[in-house]
Amino acid sequence: MLIKEYRICMPLTTEEYRIGQLYMISKHSHQESEKGEGVEVVKNEPHEDPVHGPGQFTEKRVHLSSKLPSWARAVTPRIFYITEKAWNYYPYTITEYTCSFLPKFSIYIETKYEDNCGDNTNIFLSDKILGNHEVTFLDIAFDEIPERYYQSPEDPRYFSSVKTGRGPLREGWQEHTKPIMCSYKLVTVKFEVWGLQTRVEQFVHKVIRDILLIGHRQAFAWIDEWCEMTMDEVRQYERETQEATNEIIGRVTPSISISEVGQPSATHSAPASAPSTPLSGDPPEFLSAPKDRARKKSAPEMLTLPALRERANAE
């Protein structure tokens, strides 16, 4: 098990982030879907928790079969997908990823949102965390992302919002930008397979880092598309894109409830899940590399993990 904490600042308020993240997730999932593949929304409904109170539960399936290389498809089920489940109790959310084909693999993400620049050092103090864990600050403007996912209109160093006047973001923008909020994410990765556990868990964290950067960059770069939306409007957009995406991947659209349990006036809402995982059909190249090698600009993708055991045995 490998635990890391990521802190991602955004030039937004938590109220704005609530809408912007929901919009980004829906748009990104729809863009990434292809015929027979993509993100299928299974459930999106209100949920009551005895500890955290009213919230929203979502379940999604990220279909992957055609994304795998031919040698991996030969040993995986014809219909292969990752299951994402998310519970949203703002300012606390939980997201978990599992795969029936890899029962010893899971990702568990706890997220808290605050209106600050990431300086809350005690936000995840918990008996569940044994010892110190690594804390990584991600800069949406100046940290590198894989070159194949770079889009110049989504680069915060050059993007300027017409409607809000925010951007471009300059070096050290977190110190003087107002408004500012931070997404604190405590990520636990498990891959309990002897001989592969450490390398796989480190590899998955590298990919998660890229996913977080890409998604948060898009949420800011698309601000002019969502900044005037109300929560009702973004939920309607969410419903329409979910139905369209389910239709694209060739499955019957499930009955999706997007209503929310009424939230107390003093609280906000939060995104239901993290952005979809970028996919690749290439086998991972990291297994034979030394642990301390320099980080490549184009990292291999996490969802080729079913091939790791065969690759290790072959070596």
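Strand β5 (residues 92–98) pairs with strand β6 (residues 105–114) in the antiparallel sense, and seven bridges hold the record of that pairing. The model is predicted. Between β5 and β6 lies a hairpin connection of six residues. One residue pair in this ladder is Thr 98 with Ser 106, the latter in β6.

Strand β6 also has a second partner: β8 (residues 181–191) runs antiparallel to β6, with 10 bridges between them. Here Tyr 113 is matched with Ser 183 of β8. β6 is therefore a member of both pairings set out below, as the pairing criterion of at least two bridges between strands is met in each case.

| Strand pair | Sense | Bridges | One bridge pair |
|---|---|---|---|
| β5 and β6 | antiparallel | seven bridges | Thr 98 and Ser 106 |
| β6 and β8 | antiparallel | 10 bridges | Tyr 113 and Ser 183 |

As a general point, side chains in a regular strand alternate between the two faces of the sheet.

The strands above belong to a protein chain with six helices and eight strands. Read from the N terminus, the order of elements is β-α-β-β-α-β-β-β-β-β-α-α-α-α.

For the chain as a whole, 53% of the 315 residues are buried. Among contacts with a separation of 6 or more, 74% are between residues 24 or more positions apart. The accessible surface of the protein chain is about 14,800 Å², and carbon and sulfur atoms contribute 50% of that area.

Note on methods: Residues numbered from 1 in each chain as written. Predicted model: local features only at pLDDT ≥ 70, side-chain atom pairs only at ≥ 80, totals over all residues. Heavy atoms only, no water. Helix = DSSP H or I, 4+ residues; strand = E, 2+ residues; numbered from the N terminus. Buried < 20%, exposed > 50% of the residue type's maximum accessible area, 1.4 Å probe, protein only. Contact = heavy atoms within 4.5 Å. Areas by Shrake-Rupley, 256 points an atom, 1.4 Å probe, with all protein chains shown as cover.
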